[in-house]
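Trainee: I have a structure open and would like to learn how to read its features. Can we go through it together?

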Amino acid sequence: MRKILLFLVLLSASLLKADNIKITLSDGIDNPTVKSKIERSASRILTEINQAQKENRSLNFAAMGVSVRVQESMAMLWENSPFVCTDDEIVEHCITTGPGYQIRNIPLMMKPTGERVFNEEDYQEAVISFDKAGNVESFYLSISMNLYMNVIKSNLELTDLRRRQLILDYVEQFRTAYNQKDIKFLNQVFSDDALIITGKVIQQKHSEGFSTPKIQYNKQSKEQYIKNLSRIFKKNSYIKVIFNDIEVMRHPVNPNFYGVTLLQGWTSGEYHDDGYLFLLWDFTNENAPQIHVRTWQPDKIGSKPLDKNEVFSLSDFDI
Amino acid sequence: MEIKRFTICLLLLVLSTFLCYAQTSMEIKKEINKIKRDTNYIYAESTNKNLNEASENAQTIFEIQIKEWGEKQYPNDSIETCIVKAKEKAIKLDTRRGELYRAFVYVKKSDIMPVSCNSNVKVVQLKNTPVKESVVANEHEGVLDLSKGNSKEMPAIQLTAAEEEMRKVKRFYDIEPYITALTKSKQVEHYGKYANMPQDEDCYLFVYDRDGKIRAWLKKQDRVQYNLKTLQQDNINNYRNCGAIWFQFK
């Protein structure tokens, strides 16, 4: 009887166990060599992720065969919260991008260890990007499905939809860049003449003796902003940016320009703030979109939520 | 001893149920991957804590995929045809992903192609112009007499057998097999999308909405249109945001 029970337990365990994760690209890439390389690379990455999670250890990047840059970004994601791929076989389209290829919709379940506060969804979807030769370029988590659906459902026409999907992709890479302190990406994504505006709440003293909170705005050039950001990145070992709300508006006159408003939560070390981030994106070159304006305002003045009319939007800027 | 046997049996039952569930879930996953591998299908999926939300999201993404595919495949034709057919023909599969629900919806591309390559349907954005109708009720007999009060004399409508059959087509999806059957039996010679409808010739029209429901069966005769259901004069201009397919009996 014991032997029967043991056999049944082992049988069920073997049925549930996932070894190598198989990746199949259904379409979207003609070159069979590059296709095969991408499938193998993605398989190695996801298999190692699951193995590391199973063995409760850090990621073994030697097993993945990825560049230092990808290793660093994956290590940061893992540090925030380990994760596991839920499927033992993944079939997806191969998406052609400007610089190469992408596999999207890779299902992951986050497995926070409890060492850090984890305020995100348990289920996330990952994106792996490759260059034209099939080498892994990046691994990042795509924007949360709720935010994605909010934006997608509000699309007006097909070209607009494609742009919105592209915008969401870049917004997510933008967020990841802060989390991974990727100053190189941020330097590249802001245009050289970008306008950076940050606001902070100050107490305005009145002659009658009382004071009221108000927002004071500070203007910076791209150079000043990147310099200040580099300092913050060096000072803080841990930076976490999350987006809780997103609104995408197309410019009524220039269809290449989109205003993206995000409710951002920023945590670095012991510091935390919440505020409205407005980005003016220029998609004239879809392979290299740029941000011309970045504004930040606190979401509250004192204890009072910021009036939505006070939040910067497309109409505040002359394009 | 009895308790021991009972416990073992219970454990075996639980284990076998669990294994059966795991097998079913695995089978659905295999089915999903099989469809995803096959480029003859269009699909969409979504994972969510709530099954309804997962289904809704999957459906939204699915319709977007259909639109994208329709635009690429038939750039000169209306994609509404594809969307309507996709809604009719879509198959849904639900499974679990851990504690979450995974909704998957798919359709075969060949099932959502427009009527034919030459006679695709165009959804017409029509103005809501009301038809000026002069209808006089016969106060003695209580019968609607369309012939009075109009500048042009209109005949009373009596349906033929073929027109009665036409009225039985209730959904957009049924138009194609109906016309195909009539074409094969050589009863119908010409048919096509509304944009190609001959203006000076008599014909019949199926008018359908975005949900694929036939809103009107019209007969165009001597440049005047009649509704075969209400037996009154009508006009396609009354059907905003609807598409239409015309055909002519031999």
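Mentor: Sure, let's start with charges and rings: a charge sits over a ring if NZ of Lys or CZ of Arg is within 6 Å of the ring centre and within 35 degrees of the ring normal. Here, the charged end of Arg96(B) sits over the ring of Tyr101(B), 4.1 Å from the ring centre. In chain A, the charged end of Lys132(A) sits over the ring of Tyr101(A), at 5.6 Å from its centre.

Trainee: What should I know about the model before going further?

Mentor: This is a predicted model, where local features need pLDDT of at least 70, side-chain atom pairs count only at pLDDT 80 or more, and totals for chains, interfaces and linings use all residues. Residues are numbered from 1 along each chain as its sequence is written, chains are lettered from A and ligands numbered from 1 in the order in which they are written, and side-chain values use heavy atoms, with hydrogens and water left out.

Trainee: What are the ipTM and pTM scores?

Mentor: The model has ipTM 0.76 and pTM 0.65.

Trainee: Where is confidence lowest in chain B, and where is it highest?

Mentor: pLDDT is the predictor's confidence in each residue, from 0 to 100. Chain B averages 78, and 78% of the residues score at least 70. The lowest confidence in chain B is in strand S6 (residues 144-145), with a mean of 35, and the highest is in strand S3 (residues 100-108), at 95. Helices (H or I, at least four residues) and strands (E, at least two) are DSSP runs, numbered from the N terminus. Over residues 117-155 of chain B, pLDDT stays under 50. Where pLDDT is low, the predicted coordinates should not be read in detail.

Trainee: Which rings does Phe174(A) pair with?

Mentor: Rings of Phe, Tyr and Trp (its six-membered ring) pair if their centres lie within 6.5 Å; planes under 30 degrees apart count as stacked, over 60 as edge-to-face and the rest as tilted. That rule gives 23 aromatic pairs over all chains. In one of them, Phe174(A) meets Tyr178(A) edge-to-face, at 5.0 Å centre to centre and 80° between the planes. These two are about one helical turn apart, because they lie 4 residues apart in helix H6 (residues 158-179) of chain A. Phe174(A) also pairs with Trp281(A): the centres are 6.3 Å apart and the planes at 75°, so this pair is edge-to-face. That pair links distant parts of the chain, since Trp281(A) is in strand S12 (residues 271-282) of chain A, 107 residues apart from Phe174(A) in helix H6. Ring pairs join these residues into a cluster whose members include Tyr225(A) and Phe233(A).

Trainee: Are Phe174(A) and Trp281(A) buried or exposed?

Mentor: Buried means under 20% relative accessible area, exposed over 50%, partly exposed in between (1.4 Å probe, protein chains only). Both Phe174(A) and Trp281(A) are buried.

Trainee: Which residues of H8(A) are buried?

Mentor: In H8(A), Lys222(A), Tyr225(A), Ile226(A), Leu229(A) and Phe233(A) are buried. They cover an arc of only 95° (from the directions from the helix axis to the C-beta atoms), which puts them on the same side of H8(A). On the other side, Glu223(A), Lys227(A), Arg231(A), Lys234(A) and Lys235(A) are exposed.

Trainee: What is Lys37(A) in contact with, leaving aside its neighbours within four places in sequence?

Mentor: Contact means heavy atoms within 4.5 Å. With those neighbours left aside, Lys37(A) is in contact with Ala133(A), Gly134(A) and Asn135(A).
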